[in-house]
Amino acid sequence: ANQQSQWRNPIYMEQEPILLLQFGPLQSATHPLPTSDPFCLTAQTLLKFCAVQFKEVNFYKYQKEPESLPVLAHYEATFPRNKIITFLNTKEDPVGLDSFLNPTERDEAYALEAMIEERLYTLMLYNWWMIPENYTVMYTNFAKEVPFPFNLFLTKEHFTTLSTKHNLNRFLNQEEALSMTAKCYSVLSQRLGEQKYFFGDRPSSLDAVAFGHLALHLGIHLPVPLSKILSQHQNLVDYVNRILDEHFKLPPITIIKTLPPRPSQTSYHIPLIFLGIVGVVVFAKYYQNLQ
């Protein structure tokens with residue numbers, strides 16, 4: 001309990017703030033979300049809900065293994081993703097984020113968090129990487145952040161890792177995945193209703209998890225966007241934008257109906273491959289002259 005209160009003491013935090021190691025924002029994103037990863041955005045939201053001071057340390061996705069972040073770091077202590085909520089919700093701490101929930105509500109929150117972090121997250125990955133039109137955009141955006149020539153293989157490696165780990169080929173087709181996504185949104189919309197947060201006027205860990213994922217579903221604009229389905233639930237859209245305004249001081253997310261055509265993955269790689277070949281030839285000539 002003493003350790004918990006120290007983390008929430010503003011004087012203590014000013015002396016040595018927590019570092020939040022996270023994947024940074026997508027450079028080509030159309031909204032200034034602080035990260036392109038839902039679990040990192042969840043961690044940021046948890047810390048903001050608890051009024052914990054922290055500093056962001058951003059990494060590109062090629063610099064770390066997929067889903068290895070977020071991590072909280074303070075002195076010699078580190079807290080990985082699956083320990084952050086537990087740390088902030090220690091039962092002995094009277095100001096814990098979920099301290100106001102009764103046992104039934106805690107169970108419900110746990111079930112909904114599991115649905116979001118397991119099913120809805122996997123469906124988001126399917127939408128981003130398995131739908132051909134979206135894959136082209138995501139591949140191009142990811143490759144732009146990776147230094148040449150590593151972008152020629154690390155981008156594909158990132159996709160392969162996610163696809164294998166989450167078995168993205170399990171879905172029969174795009175329609176099945178989008179239908180399952182719509183059902184998850186419907187469950188969340190019905191639970192939220194007209195409330196400010198899922199359990200009334202106070203945010204809980206469920207709100208951090210829901211916002212962390214839904215904000216990216218709205219804010220990452222793709223040819224086959226999840227925002228088209230999510231926008232059918234206006235209370236969820238208002239919920240995301242309200243948290244953006246009140247806790248992040250960011251503008252609301254504007255839902256784009258159509259996107260301009262993007263260059264294909266092939267067209268993006270042609271000049272890079274050409275430059276790579278030219279570089280090898282120039283180096284070979286230079287090496288020969290040194291002999």
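This report walks through a predicted model of a single protein chain, from its overall make-up down to a few individual residues.

**The chain as a whole**

Let's start with the big picture. The chain has 12 helices and four strands. It runs to 291 residues, and 50% of them are buried. If you take the contacts with a separation of 6 or more, 76% of them link residues that sit 24 or more positions apart. The accessible surface is about 14800 Å², and carbon and sulfur atoms supply 56% of that.

As for disulfides, the count is zero. Two cysteines are still worth a look for how well they are covered. Cys50 has a relative accessibility of 11%, so it falls under the 20% limit and counts as buried. Cys184 comes in at 3%, so this residue counts as buried too.

**Strand β1 and its surroundings**

Strand β1 covers residues 18-23, and Gln22 is part of it. Is Gln22 buried or exposed? Its relative accessible area is 0%, so Gln22 is buried. Its polar side chain does have partners, though. A polar side-chain atom of Gln22 lies 3.3 Å from the backbone oxygen of Pro34, and the side chain of Gln22 also makes a polar contact of 3.2 Å with the side chain of Glu56. Setting aside neighbours within four places in sequence, Gln22 touches a range of residues, including Thr35, Cys40, Gln44, Val57, Phe59 and Leu69.

Leu20 is in β1 as well. With a relative accessible area of 0%, Leu20 counts as buried. Beyond its neighbours within four places in sequence, Leu20 is in contact with residues that include Ala43, Leu47, Phe54, Val57, Pro70 and Leu72. Gln44 is also among the contacts of Leu20; the two are 24 residues apart in sequence, with a C-alpha to C-alpha distance of 7.9 Å.

**Two helices, α5 and α8**

Next come two helices, starting with α5. Helix α5 spans residues 103-129, which makes 27 residues, and it reaches 38 Å from first C-alpha to last, close to the 39 Å expected. Where does α5 bend? The bend is at Leu120, and it is about 30°. At the start of this helix, a side-chain oxygen of Asn102 comes to within 3.0 Å of the backbone nitrogen of Thr104.

Helix α8 has 19 residues and an end-to-end C-alpha distance of 27 Å, close to the 27 Å expected. Its N-terminal end is capped by Asn173, with a side-chain oxygen 3.2 Å from the backbone nitrogen of Glu175. On the far side of the helix, α8 is followed by Gly193, which has a positive phi near 60°.

The buried residues of α8 are Ala177, Leu178, Met180, Thr181, Cys184, Tyr185, Leu188, Ser189 and Leu192. Which elements help to cover them? The cover includes α5, α9 (205-219), α10 (227-230) and α11. Cys184, from the disulfide discussion above, is one of the buried residues on α8.

**Backbone oddities in the loops**

A few backbone angles deserve a check if you plan to work with the coordinates. Here they are side by side.

| Residue | Backbone feature | Value |
|---|---|---|
| Pro70 | cis peptide bond from Leu69 | omega near 15° |
| Pro149 | cis peptide bond from Phe148 | omega near 10° |
| Asn167 | positive phi, not a glycine | phi near 50° |
| Lys249 | positive phi, not a glycine | phi about 55° |

Where do they sit? Pro70 is in the loop between β2 (54-59) and β3 (71-74). Both residues of the Leu69 to Pro70 bond have turned up already: Leu69 is in contact with Gln22, and Pro70 is in contact with Leu20. Pro149 belongs to the loop between α6 (132-144) and α7 (151-165).

Asn167 is in the loop between α7 and α8 (174-192). Its relative accessibility is 43%, so Asn167 counts as partly exposed. Lys249 is located in the loop between α11 (234-248) and α12 (265-290). At 66% relative accessibility, Lys249 is over the 50% limit and therefore counts as exposed.

Terms used: Residues are numbered from 1 along each chain as its sequence is written. This is a predicted model: local features need pLDDT of at least 70, side-chain atom pairs count only at pLDDT 80 or more; totals for chains, interfaces and linings use all residues. Side-chain values use heavy atoms; hydrogens and water are left out. Buried means under 20% relative accessible area, exposed over 50%, partly exposed in between (1.4 Å probe, protein chains only). Contact means heavy atoms within 4.5 Å. Accessible areas come from the Shrake-Rupley method with a 1.4 Å probe; for residues, only the protein chains shown count as cover. A disulfide is a pair of cysteine sulfur atoms within 2.5 Å. The expected span of a helix is 1.5 Å times one less than its number of residues. The bend at a residue is the angle between axes fitted to the seven residues ending there and the seven starting there. A polar contact is a pair of N or O atoms within 3.5 Å; within protein, one must be able to donate a hydrogen and the other to accept it, and residues adjacent in sequence count only if both atoms are side-chain atoms.
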